[in-house]
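Trainee: Please pick one residue in this model and take me through its surroundings closely. After that, I would like to see the helices, the chains and any enclosed space in the same way.

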Amino acid sequence: MPADVKELMQRYVGGDASAFRDLYRVAGPPLLGYLTRLCGQKSLADDLLQQTFMKVHRARGAFVLGADPMPWMYSIAHRTFLDEARRRKRAKVNLSTTSELPEVAAQITGQTIEQSSQGPDPELRDAALLALQQLPEAQRTAVVLTKLSGKSISEAADIAGISVGAMKVRAHRGYEMLRKLLKGGLHGA
Amino acid sequence: MEPDASLPPLSDELTAELADLRPRGPRRPARQLAWFVASMVMYTIVVIFTVKLRVDWVELPIWWQLGMAALWLVGLAVPVGLLMLPAAGRVGGHWRSASAISIAMTVLFCAIGWFHPSGPSSFSYADTPLHGHGCMQMGLGIAMVPSIVVAFLLRGVYPTTSRVVAASIGAAAGSIGGLVLHFHCRVTDGLHLLLFHGGMVAVASFIVAVVGPLLLDLPWNYRQRSRGSKAAS
């Protein structure tokens, strides 16, 4: 896939709008999956994905020919998520006064619970989703990148903008906490 | 290629921009770096002759003067080169190495002043060490130009590491200020050089770390953020 993405990005930077649409189809699903796992809401992830591609579009002049755009796009998606998380934190009081119902939570696959009828064990899946959202933001990012998105520690550290050592520590702590939460949740059920 | 049903449609704003998409030249890091270093050498020469060369210039060992000048230039070119030249297959450069080298160079510039030789026309602020703060102001002022230029050249390259990258840019730009001070200031006592020449690099790094992320980001991004902040308040 990276070879395709590279070529599409080069054509798009060269002014081919159809290449952008193809790039969106190829690079969009993994980025959407990543954002959904981070924020836990499909509709919010959709919005963040659109913002991410808008930022990619604005920053296309920073692209270097021959580079793999995916780690860069993941970084932009990550930055977009962080900005939104901070904005929501500031708006927490205002949001709590609205009468809107919370959105249906998404699963690790990015689908809502109602949408998905397959999977190994629905109880385990729901517990995993709940536990993942209970992790601190930094650890959740590390677990999602290294355990769910299949990135290497070095790639994950680059995307999150931290050192390799810090990423290892966060991923390990996040994974340990996730295991504890899952153990506790399943035993408690 | 089949459309993916799970993907949201592109926003109206983006669709409108794509309808009028123009080719954009990709970033050419080696060319950018060469242009930047050449223009900064010119800038330094012009500033040095504007603020005047130190009067004890001819009394000090030439190997010291040129060696220190080369060191200040390394403090500029190496971190900026590491930030501008991309790692293999990546859009961004070696930001971790750039920040490590910036820290090492800042410490070196603070420490090396203790070994500065003196001539008959050299000056010391040993009795009133805080009197030399003009060097700090001058160095910081000179460092602002290269900071802005590098941040502009690296816009959009580092979405998640802009604070660390900005700090490295500040330290590198501070080296230009330090280079000018090296050729201008005839004070040779170690404390002055630590506080106001080497210390200026650390202060430049701090200042650019605070304001630099705004310069490294794209205008559309922080307009979005400020819109979000207003909505939140």
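Mentor: Let's start with A:Gln139, which, once neighbours within four places in sequence are set aside, is in contact (heavy atoms within 4.5 Å) with A:Arg170, A:Arg173, A:Gly174 and A:Met177. Before we go on, please keep in mind that this is a predicted model, where local features need pLDDT of at least 70 and side-chain atom pairs count only at pLDDT 80 or more, while totals for chains, interfaces and linings use all residues. Residues are numbered from 1 along each chain as its sequence is written, chains are lettered from A and ligands numbered from 1 in the order in which they are written, and side-chain values use heavy atoms, with hydrogens and water left out.

A:Gln139 sits in helix H7 (residues 137-148) of chain A; helices here are DSSP runs of H or I with at least four residues, strands are runs of E with at least two, and both are numbered from the N terminus. Because its relative accessibility is 15%, A:Gln139 counts as buried, a word that stands for under 20% relative accessible area, with exposed over 50% and partly exposed in between (1.4 Å probe, protein chains only).

Now widen the view to the chain around A:Gln139. Chain A has nine helices and zero strands, so to speak an α-α-α-α-α-α-α-α-α run from the N terminus on. Buried residues account for 51% of its 189 residues. Of the chain A contacts between residues at least 6 apart in sequence, 62% join residues at least 24 apart.

Helix H4 (residues 69-90) of chain A deserves a stop. The expected span of a helix is 1.5 Å times one less than its number of residues; the 22 residues of H4(A) should therefore span 32 Å, and its end C-alpha atoms are indeed 32 Å apart. H4(A) is largely enclosed by the rest of the structure, because 16 of its 22 residues are buried. At the N-terminal end, A:Asp68 acts as a cap, with a side-chain oxygen 3.1 Å from the backbone nitrogen of A:Met70. A:Arg87 also belongs to H4 of chain A, and its 24% relative accessibility makes it partly exposed. The side chains of A:Arg87 and A:Glu84 are joined by a polar contact of 2.9 Å. That term means a pair of N or O atoms within 3.5 Å; within protein, one must be able to donate a hydrogen and the other to accept it, and residues adjacent in sequence count only if both atoms are side-chain atoms. An α-helix has 3.6 residues a turn, so residues three or four places apart point the same way.

From chain A we can cross to chain B by way of B:Thr160, found in the loop between helix H5 (133-153) and H6 of chain B. B:Thr160 is buried, at 14% relative accessible area. Its side chain comes to 3.0 Å from the backbone oxygen of A:Ile159. Beyond its neighbours within four places in sequence, the contacts of B:Thr160 include A:Ser75, A:His78, A:Arg79 and A:Asp158.

Chain B has eight helices and zero strands, and 50% of its 233 residues count as buried. Helix H6(B) has 23 residues and reaches 33 Å from first to last C-alpha, close to the 33 Å expected. Since 19 of those 23 residues are buried, H6(B) is largely enclosed by the rest of the structure.

H6(B) also brings us to the enclosed space. A cavity is a set of points, on a 1 Å grid over the protein atoms alone, where a 1.4 Å probe fits but cannot get out, and lining residues have an atom within 4 Å of a point. Points are joined across faces, edges and corners, and the volume is the space filled by probe spheres set on them. By this rule there is one cavity of 30 Å³ or more, and the largest cavity has a volume of about 110 Å³. Of its 14 lining residues, the closest to the centre are B:Met68, B:His116, B:His182, B:Leu193 and B:His197. Helices H3 (62-84), H4 (95-112), H6 (162-184) and H7 (190-216) of chain B each give two or more residues to the lining, and H3(B) gives the most, with three.

How values were computed. On a 1 Å grid over the protein atoms alone, a cavity is a set of points where a 1.4 Å probe fits but cannot get out, and a pocket is an open set with protein on both sides within 12 Å along at least five of seven lines; lining residues have an atom within 4 Å of a point.
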